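Biologist: I have this one open and would like to go through it with you. Can we start with the surface and work inwards?

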Amino acid sequence: MGIDISSAIDKAALSDAWALKLREHYFIGPHILGIEVTQCIQYFRASRHLTDPADRGPNNSLRLVAYKTAWVRVYVRAGWGGAVNLTGNLQISARRNRWLPLWVDVGTLTPQTPGTVAAQTLPDYATERGTMTATLNFIVPADDMVGRMAFKANIWRADDATAAIVDSETVEADVTLLQTLRVRGLMVAYNGPNAAGNGTLNIAAPTVGELQTTAAWSHTVFPVQAEGVFSSAGTVTLTVPLTGAPPNPGGCSAGWITLNGQLAAAKANDGNRTDVVYYGLLPNGVPMGPVIGCASNGVTSGGVGNGVTMAHELGHFAGLPHAPCGTPGNAAYPAYEPYDPAGTPTASIGEYGLDINDGTLHQPSQKDFMSYCGPRWTSIFTHQVLIDNAIFAPTTTNPRFRIPELYDPWLWPWEYIPDPAPEPWEHWKNRIEDLRMRPVITLIGTFERDASITMQHVMRVDAQSTVATGVPTKMVAELVGANGDVLASAPVMRIPADAHGSGGCGCGGGCGDGEPPVFGFQAMIPNVGRGAVLRIVHVGALDDAEGRLKRPLTVAWERKAAGRAVKLGEIAVKPGARGVALAWKLDGAGAEGAVSCSVQFSKDGGRSWNGCAVGITDGKALIPADALPSGKLQFRVLAHDGFDTAVRTSDAVEIAVRAPNVAVMYPSAGALIETATPMRLWANAMSSSGERIEGEAFEWQLDGKTVGRGRELWIRAPKPGRHEARVVVTDGRSKGEASAAFTTFDPDQDTPPPSKPAKRGR
């Protein structure tokens, strides 16, 4: 029997190094070596495996975020008596009021199955770190992870009926950073030829519910709270198949470039917002190949259910280039020796990762999801880049004043600010100015191999004028007056594109080697007046730091204003079960017959406008019900020719309350889960009013029987076989539900079928 002298040691008075040596030494009795708190990836005793000191960090120094589930692993040692079975508990307390720094009791957790651990004297580091049953494990629910937190682990011998504590250890963590994933879906419908070219397909656009389930993997690997905000920025209809061959190795086929132009136009029609991330969501069944994806930064896209691809694309939104594996990648990405060759990064994640959904561990040699290699997880590097990243609107959980912009996806932030605004007003004033929309003329098209231009969309809209991660070209877009003066101009920005084929991934034409022969572009000219001509000119290099243009210019594309402006007739608006049907008539051909229409709606009397549809030429549109809020809405149609935008706004119409958009985030459909292990039931829901839905509104059923309530619920995985998890959500006005079928297996008796590998991201 071991000698327990740990209670006589003042651990707080010892340096970390001496305390570690003392606790690891074989003659100490049963004791706690350390505590790891992780939400995806974490440092713990990094010196035991990372050979380069520059790659290491103190224990638990990778930042935690508020309202995201955490796993706490308690590492134990047997001490001088040899192996011993230990158990224990985890006491959690928190300080959540910055003005009254008092610790409050959050609760006490018991260890997850099996509930005990066979403590060793000197276990192998990699074996212990990479084996869940080598530690006592506790799951802290998302709702409890907030504030300045303390985690106190107590252990005792498993065969001691009195549960006499033999050692305790406490770690503290700052969990006040709040980050939220807010995704604006660009929904893609398909109405065009089938793959064989001998028939047509008509495939409906995905739903907001499918957008949520596709985002579940992003929620798991990103440092964001468990609750996300999801909405639609409108639907585009693709009429050409995505089966064509690319014009150059690694390039994008014509169909993909067409799609990216449509998505860029839908984004502009929605205000080109920078407080959300846009994602084009394709339905299953669209004809593709040999290119199976073409992601343009700012208008990236992927298929329903392909969560790894979505995380990869949203990583580009966050400013992450490709990690260096399968592509040259990010020059700033470090080599994590010994998992990478010395000084040669290969996108290793560098530390042990943990999937909070089921406790799956990820080895440090696995690859970052921003790379083209697998198996994939997040890395030390990527986690650090995503902390305090602007795309997640980072804030603290206890500020003096916070705009609650994270819930209602159909209002702009300034709609929430009270009048008069509280201090510190200057902070919010600057934030609003960053987000405020400006009148712009947006030009979207394709630069062809013969240096000609195919223009897809020319619109005058109110939008933010940044072309996300666009690359300047040797072209400039200009608005020219009647006397030939340039009234306003803007650079033509190439939208970088990564093509993806069934045989691997490419770089969309260039990989840093200059402009590809065919590419999509966008320019946003300040809307300072009607003008007489819109044009794009080749200018070569800029001749000085102020950006003065070399002359003479070569005109690549030009459009002249019409003599008579286009006009719009009254809008007919008819709400129905499938959505809202709109119809209108145009009067006048506009400039060169190049008139197309877009649709927007507002729920706040015209102060905030949201995109519905773009590129309409037949005078009608059906806006899906799940893309709209309930209540009084106004719709407006904008008819564009580049010079005149005819706008017609409807009277307010009442949109009936609909069921919340509900999605089961975990278990995913078809998931394979080991029986008797911790199982997370996790859902997300968006109300039709835009109001946040409280956790108590979520009721979970397993195989038809109610098992509990909450946005997140932890249960013990049921006996082997097929099962169904169903969640029913009531928002006070209506009820929505979603379900997911999954299979559990006994690893001692069953051989589970292999899961399908996830498609690669772009």
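Biologist: How much area does the protein expose, and what share of it do carbon and sulfur atoms supply?
Modeller: This is a predicted model. In it, the protein exposes about 30,700 Å², and 52% of that comes from carbon and sulfur atoms.

Biologist: And what percentage of the residues count as buried?
Modeller: Of the 762 residues, 56% count as buried.

Biologist: Which residues have the most contacts inside the largest nonpolar core?
Modeller: They are L181, V183, V221, F222, L259 and L314. The core itself has 71 residues.

Biologist: Which helix gives the most to that core?
Modeller: Helix α5, residues 254-269, with 7 residues.

Biologist: Back to V221. What does V221 touch, leaving out residues up to four places away in sequence?
Modeller: V221 touches C40, K68, A311, F369, W377 and T378.

Biologist: New topic. How many helices and strands are there?
Modeller: The protein has 8 helices and 47 strands.

Biologist: Take the open sheet with β41 in it. What is the strand order?
Modeller: The order is β41-β47-β46-β43-β44, 5 strands with mixed pairing. At the edges are β41 (671-674) and β44 (705-709), each of which pairs on one side only. From one strand to the next, the twist averages 35 degrees.

Biologist: In which sense do β43 and β46 pair, parallel or antiparallel?
Modeller: Antiparallel, over 5 bridges. Strand β43 covers residues 698-702, and strand β46 covers residues 721-730.

Biologist: Which residue in β46 is the bridge partner of L702?
Modeller: That is A725.

How values were computed: Residues are numbered from 1 along each chain as its sequence is written. This is a predicted model: local features need pLDDT of at least 70, side-chain atom pairs count only at pLDDT 80 or more; totals for chains, interfaces and linings use all residues. Side-chain values use heavy atoms; hydrogens and water are left out. A nonpolar core is a set of buried Ala, Val, Leu, Ile, Met, Phe, Trp, Tyr and Cys residues joined through side-chain atoms within 4.5 Å. Buried means under 20% relative accessible area, exposed over 50%, partly exposed in between (1.4 Å probe, protein chains only). Helices (H or I, at least four residues) and strands (E, at least two) are DSSP runs, numbered from the N terminus. Contact means heavy atoms within 4.5 Å. Accessible areas come from the Shrake-Rupley method with a 1.4 Å probe; for residues, only the protein chains shown count as cover. Two strands pair if DSSP finds at least two bridges between them. Axes are lines fitted to C-alpha atoms, for helices over the stretch in contact, and angles run from 0 to 180 degrees between N-to-C directions.
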